[in-house]
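Got the model open in your viewer? Let's take a walk through its pockets and its cavity, one selection at a time.

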Amino acid sequence: MLFKEDSVARSQHLAVRDNAGWYRWTHDTVELTGVDADAFVDHMMVATVAKAAVGQGKYTTMLDERGTIIDDLIAMHVGEGRWWLSTLYGPHMVRWFDQHRDGFDVSYHDVTQTIDMYSVQGPNSARLMDEIVADKVDGLRRFQIMRTSIGDMEATVDRGGFTGELGFEIYCSREDSDRVAEAIAGPARELGAPRLDTLEVYVRALPMEKGMGLRQDYYGLTPYEAGLGWSVHLDKDFVGKDALAASHEAGEKRAFVGLEIDRDSYEDIAQGEIIYKRGIPVGVVRQFIYGYSVDKNIGFGIVDAERAPLGTRVTIGGNASPATVVASKWL
């Protein structure tokens, strides 16, 4: 069955856009502590993360020495000298920290196996959350964090998510995971908010429509090429700063863009397929999916910024699927 014709996926997708939906989404989490924890997280990330107050998170990227992205993440300041760093690649982050910890009094370890996370997303997500947690979530600001409870279970709630909608993330002990799911399920049924079980919807289609990429989409780009230059603070030191500043001064040669197929049929386009302009390679596909809110085959790609500006007609892959280069955000 073509993904476009999947009625279950369409229903789950549109529920998040119009009402609410929930799902289990356990990315890796690295806990960072120590006297120099604030200084170290600032040293490793492009944003001035340490200015985030306790109880606040911040989106940022982490670079290699060439100034290119190796991870994007939310850094959550969960206590004095204590951070939770969300990542899809916890062991990689730990190894990278090992290479740059000299001079910093810090400790860090992957706590993924002890923490679970559920995401509640959509315009009515606050209404659903207020039926679940002991404290009202209405006053939480973007990326703000609060400690609360679900029945007799401790929980940490972050206002955030990966859908571009109002949303909240519930962190709980792995031991409480099944009970937390049960606590969400009852009020969710009453609200008509489904539990999402289609990975292509909550990891790819929902975020892509809102211009939100995965780490694999940004990997190897500079933050400026990825459209994330707003997050870079060049007035502080961080790993990769010198190379990033030099490449930015020289001008970005690549661009992170959106792609739209120019016909209604579903196109099975894989990561890594080549983008052509008049038969000449000008870029590469990062991912493709069907966007149910926009009813289009949409994707992300990396292109030559000069040769393939927005509006350029291109073809993709060996099937020469016709497409147009567009902005990397549809909603």
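Start with the second largest pocket, which has a volume of about 270 Å³ in this predicted model. Select Arg-82, Trp-84, Arg-147, Ala-155 and Thr-156: of the 18 residues that line this pocket, these sit closest to its centre. Now colour the elements that give two or more residues to its lining: E4, E5, strand E8 (145-150), strand E9 (153-159) and E10. Colour by class and the lining of the second largest pocket shows nine nonpolar, five polar and four charged residues.

Next, move over to the largest pocket, at about 760 Å³. Pick out Tyr-59, Asp-72, Phe-162, Met-212 and Gly-213, the closest to its centre among the 32 residues of the lining. Which strand gives the most to this lining? Select E4, which puts in five residues. Then add strand E5 (82-87), strand E10 (167-173) and helix H7 (215-218), each of which, like strand E4 (69-79), supplies at least two residues. By class, the lining of the largest pocket comes out as 16 nonpolar, eight polar and eight charged residues.

Last stop: the cavity. A search of the whole structure turns up one of 30 Å³ or more, and the space inside is about 30 Å³. To see what surrounds it, select Thr-26, His-27, Thr-29, Thr-112, Ile-115, Asp-116, Met-117 and Tyr-171. Highlight strand E7 (residues 115-121) as well, since the largest share of this lining, three residues, comes from there. Colour the cavity lining by class to finish: three residues are nonpolar, four polar and one charged.

Conventions. Residues are numbered from 1 along each chain as its sequence is written. This is a predicted model: local features need pLDDT of at least 70, side-chain atom pairs count only at pLDDT 80 or more; totals for chains, interfaces and linings use all residues. Side-chain values use heavy atoms; hydrogens and water are left out. On a 1 Å grid over the protein atoms alone, a cavity is a set of points where a 1.4 Å probe fits but cannot get out, and a pocket is an open set with protein on both sides within 12 Å along at least five of seven lines; lining residues have an atom within 4 Å of a point. Grid points are joined across faces, edges and corners, and a volume is the space filled by probe spheres set on the points. Helices (H or I, at least four residues) and strands (E, at least two) are DSSP runs, numbered from the N terminus. Ala, Val, Leu, Ile, Met, Phe, Trp, Tyr, Cys and Pro count as nonpolar, Asp, Glu, Lys and Arg as charged, and the others, Gly among them, as polar.
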